[in-house]
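This report describes one protein chain for a reader who is new to structural analysis. Please examine the sequence and the structure before reading the sections that follow.

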Amino acid sequence: TEKILVDEVDDRCHMPRQSLSEFLYDYHLELLSEPLLAEEALMNIVANARLYEGVSARVKMFCRFLQINQEKPLPVEALSVFLLALVKIQNGEIPLLPDYDQVNVDATKAAKVIEFVFAQAPYVIRSKILLEAEKRVVGKVIDLDSLLYFLVDQYVHESSRGEERLRALFVASDMDGDGNLTLNEFQDMVMHINSRKSHRELLRMYAEMTLNRTVDCNTFVRVCRKFSFFSFTYGPHTKKVDRQSNEVFEVLAAEWEKVEDLIHELLVVLEGSAVGMRLEQNVKTLKSLLDSRFEAESAWHCYRKVVSEFASAIKNRTPGMGRAESSGAATPVEDSKEGGKEGKPPLKALGVKGKGGKPPANPQTRRGSGGRGK
């Protein structure tokens, strides 16, 4: 969950996404406020991952993202594919990954996720991937870990094919065959492939290539991948909002309106603290997702995280709050305009908990979109 949210922030700030090891170090550095302790925490994670790598497919995948096992290291984009697929499969629920194995996904839901992830792949390739996925279906379901493993491997395979195409493109564009791509050769190549990149982006690409002594093939491929130039990109090319997603956003916007004022009041109290800055950052991410109205599952997931952090902050700042709730005594939040009017326990009044103490149900889950439901 934390990695998904910081990826959204990095995208909004036009910064490259972090690898899993970079993220884990930064996360513990913020949590522990000491570089040595953060490094020790990361080493403990690595040690435990290596210990249980052979026991669980999920841990094995984690090791691949950390690049600590014998298999070929996975790029950052593969981790993004893994997280994107997971959010869509689970409809943004928290936790995204239960603490047990053998989680099943409806086969129809799995097919829709594959269509979404490989939307930009040629139809023939996408159909082949769907057929391969069908072989993993047992009854009408597919194992979650098996599906995620499959999606990542298929993405890596398609990415490697893209790298081969880039190398072939370099050879074809290097007219004098000296292994160095000049600006004129680069511009001619761009004209022939009808790239959607702007002139500014193309100029930045070539300028970064020239930081190397010669613009050789490896430099060309590396920079092209960084700028997603003539290479396989996951997800749809255009951001379209279907009717069902629009309905989900309407419900989510209404839920957010109920708690927005209370959360902003808390942010004033928490101003300058680490908890406050993290909550404010996640609120900005949620508002950005609500404005874009794209990827409803990600927006719902972010909303749940914001409300969860809000509830946690309230509990931590109110001594004895749990005892007050159980005894029916009034709490500071109950005296607010939400809790004071209805006389409900604060967290329920804010929509943090539904029946059985669970978060409010995802509208997509209620509509039977293939999620496991609550």
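A salt bridge is a side-chain nitrogen of Lys or Arg within 4 Å of a carboxyl oxygen of Asp or Glu. The side chains of Glu115 and Arg126 satisfy this rule, with N and O 3.1 Å apart. Glu115 belongs to helix H6 (residues 107–117) and Arg126 to helix H7 (residues 123–134), so that the pair links parts of the chain 11 residues apart. The model is a predicted one.

**The chain as a whole**

The chain has 374 residues, and buried residues make up 43% of them. Its secondary structure comes to 18 helices and two strands. Among contacts between residues at least 6 apart in sequence, 64% join residues at least 24 apart.

**Salt bridges**

By the rule given above, the count comes to 15 salt bridges. Three of these pairs are listed here with the distance between their closest N and O atoms.

| Acidic residue | Basic residue | N to O distance |
|---|---|---|
| Asp145 | Arg58 | 2.9 Å |
| Asp153 | Arg64 | 3.1 Å |
| Glu115 | Arg126 | 3.1 Å |

Asp145 forms its salt bridge with Arg58. Because Asp145 lies in helix H8 and Arg58 in helix H4, this pair ties together parts that are 87 residues apart in sequence. Asp145 is buried, and Arg58 is buried as well.

Asp153 forms a salt bridge with Arg64. This pair also links distant parts of the chain, with Asp153 in helix H8 and Arg64 in helix H4, 89 residues apart. How do the two partners stand with regard to exposure? Asp153 has a relative accessibility of 32% and therefore counts as partly exposed. Arg64, at 6% relative accessibility, counts as buried.

For the pair introduced at the start, Glu115 counts as partly exposed because its relative accessibility is 35%. Arg126 has a relative accessible area of 15% and is therefore buried, since the cut-off for a buried residue is under 20%. Elsewhere, salt bridges that share partners join Lys3, Asp7, Asp11 and Arg17 into one network.

**A buried acidic residue without a salt bridge**

Which side chain of opposite charge is nearest to Glu185? It is Arg167, which is 15 Å away. Glu185 is buried yet has no salt bridge, because a salt bridge requires the nitrogen and the oxygen to be within 4 Å. Glu185 is found in helix H9 (residues 183–193). A polar atom of the Glu185 side chain lies 2.9 Å from the backbone nitrogen of Thr182. When residues up to four places away in sequence are not counted, Glu185 touches Ser173, Asp174, Met175, Asp176 and Asn180.

**The second largest pocket**

Rolling a probe the size of a water molecule over the atoms shows where empty space is left. The second largest pocket has a volume of about 800 Å³. How many residues line the second largest pocket? The lining has 29 residues, and those nearest the centre of the pocket are Thr1, Leu20, Phe62, Phe82 and Leu97.

Several helices each supply at least two residues of this lining: H1 (2–12), H2 (20–32), H3 (35–52), H4 (57–66), H5 (76–89) and H8 (144–173). Which helix gives the most to the lining of the second largest pocket? Helix H4 does, with six residues. Helices H4 and H8 therefore appear in two parts of this report: both supply residues to the pocket lining, and the salt bridge of Asp145 in H8 with Arg58 in H4 ties them together.

**Backbone features in the loops**

A cis peptide bond joins Ile94 and Pro95, with omega at about 0°. Pro95 is placed in the loop between H5 and strand S1 (104–106). Asn91 has its place in the loop between H5 and S1 too. Although Asn91 is not a glycine, its phi is positive, at about 55°. Asn91 is buried, with a relative accessible area of 0%.

Gln67 likewise has a positive phi in a residue other than glycine, with a value near 60°. Gln67 lies in the loop between H4 and H5. Its relative accessible area is 47%, and Gln67 is therefore partly exposed.

Methods: Residues are numbered from 1 along each chain as its sequence is written. This is a predicted model: local features need pLDDT of at least 70, side-chain atom pairs count only at pLDDT 80 or more; totals for chains, interfaces and linings use all residues. Side-chain values use heavy atoms; hydrogens and water are left out. Helices (H or I, at least four residues) and strands (E, at least two) are DSSP runs, numbered from the N terminus. Buried means under 20% relative accessible area, exposed over 50%, partly exposed in between (1.4 Å probe, protein chains only). Lys and Arg count as positive and Asp and Glu as negative; His and the chain ends are not counted. A polar contact is a pair of N or O atoms within 3.5 Å; within protein, one must be able to donate a hydrogen and the other to accept it, and residues adjacent in sequence count only if both atoms are side-chain atoms. Contact means heavy atoms within 4.5 Å. On a 1 Å grid over the protein atoms alone, a cavity is a set of points where a 1.4 Å probe fits but cannot get out, and a pocket is an open set with protein on both sides within 12 Å along at least five of seven lines; lining residues have an atom within 4 Å of a point. Grid points are joined across faces, edges and corners, and a volume is the space filled by probe spheres set on the points.
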